[in-house]
Amino acid sequence: MTNTVKKNSLNLVSFAVGSYACNCSILYSNVTREAIIIDPGNDQDFIFKKIKELNIDVKKLLHTHAHFDHIGRSSEISVATGATMHLHKGDQFLYDMLPQQGLFFGQKVGTPKPLDAHLLDGETFSFSDPEINTFLTTLHTPGHTPGSCCFYSDYFETPQLFAGDTLFQQSIGRTDLPGGDGKLIIKSIKERLLVLPDETQVIAGHGPSTKIYQEKRHNPFLH
Ligand SMILES: [Zn+2]
């Protein structure tokens with residue numbers, strides 16, 4: 001998927017990255033060039049190219065969860081750009097197991113550097129660009145992993161949800177990996193995501209984007 005949205009000086013681009021085609025999103029100000037990357041994936045060279053292309057100053061790397069296809073190369077990106085690394089503490093154990101994840105899935109991953117901060121439910125993000133202010137809120141949505149989070153932005157005309165591997169088009173995240181919980185993921189989706197505005201654009205962790213109202217009506221896992 002590729003998705004581009006803009007309002008005032010805030011820009012959003014989303015694209016697939018890495019061997020598992022993780023959907024990565026970059027939010028940036030075209031005035032101050034400050035940027036936040038959500039789920040940089042596991043192909044750092046691709047991200048370095050994007051950073052150059054967009055001419056951005058990456059401040060923060062936010063992660064929906066700590067599976068290698070979302071966070072596998074974040075350490076290198078953090079070291080190269082100076083961006084801080086953020087992950088919910090519920091996924092710290094998965095982050096610490098990154099080398100083992102790489103071995104299990106037969107993928108190269110970097111040596112995980114220490115995280116800079118644990119994400120908190122309700123935590124918001126902004127840039128120094130006064131036109132933008134607060135544009136992103138963290139929603140803790142455990143189930144796929146204990147520390148899974150979604151990020152929500154109601155700044156754009158169409159609200160945007162960065163859903164990680166919690167909600168997909170007509171599907172939900174798998175819960176058979178360490179720390180997964182099949183009941184909890186349904187509760188998280190129903191209580192935290194389906195209550196968002198119907199027209200919210202859902203940028204899933206993999207595959208096509210969808211809308212909240214479409215998942216309310218057609219997602220077979222939610223009925
Ligand atoms: Zn995952």
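At 43% relative accessibility, Asn8 counts as partly exposed, because its value falls between the 20% limit for buried residues and the 50% limit for exposed ones. This residue of the predicted model lies in the loop between strands E1 and E2, where its phi is near 50°, a positive value in a residue other than glycine. The loop belongs to a hairpin: E1 and E2 are separated by two residues, and Asn8 sits in the turn.

## The strands around E2

Strand E1, covering residues 3–7, pairs with E2 in the antiparallel sense, and the pairing extends over five bridges. Within this ladder, Asn3 has Ser14 of E2 as its bridge partner. E2 is joined by eight bridges to strand E3 (residues 22–29), and these two strands run antiparallel. Here Phe15 stands opposite Cys24 in E3, while the bridge partner of Ala16 in E3 is Asn23. E2 and E3 also form a hairpin, with four residues between them, and Gly18 in the turn has a positive phi of about 85°.

How is strand E2 placed with respect to the rest of the structure? Seven of the eight residues of E2 (residues 10–17) are buried, so the strand is largely enclosed by the rest of the structure.

## The sheet as a whole

The hairpins described above are part of an open sheet of seven strands, arranged in the order E1-E2-E3-E4-E5-E6-E7, in which the pairing is mixed. The edge strands are E1 and strand E7 (117–119), each of which pairs on one side only. On average, and with direction ignored, neighbouring strands of this sheet are turned by 20° against each other.

Helix H1 (residues 44–54) packs on the sheet, where it touches E2, E3, strand E4 (34–38) and strand E5 (57–62), and its direction makes about 155° with that of E2. Helix H3 (residues 74–81) likewise packs on the sheet, touching E5 and strand E6 (84–88), with its direction at about 150° to that of E5.

The parallel part of the pairing includes E4 and E5, which are linked in the parallel sense over five bridges; in this pair, Ala35 has Val58 of E5 as its bridge partner. Together, E4, H1 and E5 make a right-handed β-α-β unit. E5 is in turn joined to E6 by three bridges, and these strands run parallel, with Leu62 standing opposite His86 in E6. In general, the strands of a sheet pair through backbone hydrogen bonds, whether parallel or antiparallel.

The strand pairs described here are set out below.

| Strand pair | Sense | Bridges | A residue pair |
|---|---|---|---|
| E1 and E2 | antiparallel | five bridges | Asn3 and Ser14 |
| E2 and E3 | antiparallel | eight bridges | Phe15 and Cys24 |
| E4 and E5 | parallel | five bridges | Ala35 and Val58 |
| E5 and E6 | parallel | three bridges | Leu62 and His86 |

## The largest pocket

The largest pocket has a volume of about 180 Å³. Its lining is made up of Tyr20, His67, Phe68, Asp69, Gln101, Phe105, His144, Asp165, Phe168, Arg174, Leu177 and His206. The elements that give two or more residues to this lining are helix H2 (68–71) and helix H5 (98–105).

## Residues in other loops

Asn133 lies in the loop between strand E8 (124–126) and strand E9 (134–140). Its phi is near 55°, again a positive value in a residue other than glycine, and at 47% relative accessibility Asn133 counts as partly exposed.

Which residues does Thr141 contact, leaving aside its neighbours within four places in sequence? Thr141, found in the loop between E9 and strand E10 (149–153), is in contact with Ser148, Cys149, Cys150, Thr166, Ser188, Arg192 and Leu193, once those neighbours are left aside. Thr141 is buried, with a relative accessible area of 0%.

Gly179 is found in the loop between strand E13 (171–172) and helix H6 (182–193), and with a relative accessible area of 39% it is partly exposed. Not counting residues up to four places away in sequence, Gly179 touches Phe93, Gly143, Thr145 and Pro146. Gly179 and Asn55 are 124 residues apart in sequence, and their C-alpha atoms are 38 Å apart in space.

Definitions and conventions:
Residues are numbered from 1 along each chain as its sequence is written. This is a predicted model: local features need pLDDT of at least 70, side-chain atom pairs count only at pLDDT 80 or more; totals for chains, interfaces and linings use all residues. Side-chain values use heavy atoms; hydrogens and water are left out. Buried means under 20% relative accessible area, exposed over 50%, partly exposed in between (1.4 Å probe, protein chains only). Two strands pair if DSSP finds at least two bridges between them. Axes are lines fitted to C-alpha atoms, for helices over the stretch in contact, and angles run from 0 to 180 degrees between N-to-C directions. Contact means heavy atoms within 4.5 Å. A crossover is right-handed if, with the strands pointing away from the viewer, the path from the first strand over the helix to the second runs clockwise. On a 1 Å grid over the protein atoms alone, a cavity is a set of points where a 1.4 Å probe fits but cannot get out, and a pocket is an open set with protein on both sides within 12 Å along at least five of seven lines; lining residues have an atom within 4 Å of a point. Grid points are joined across faces, edges and corners, and a volume is the space filled by probe spheres set on the points.
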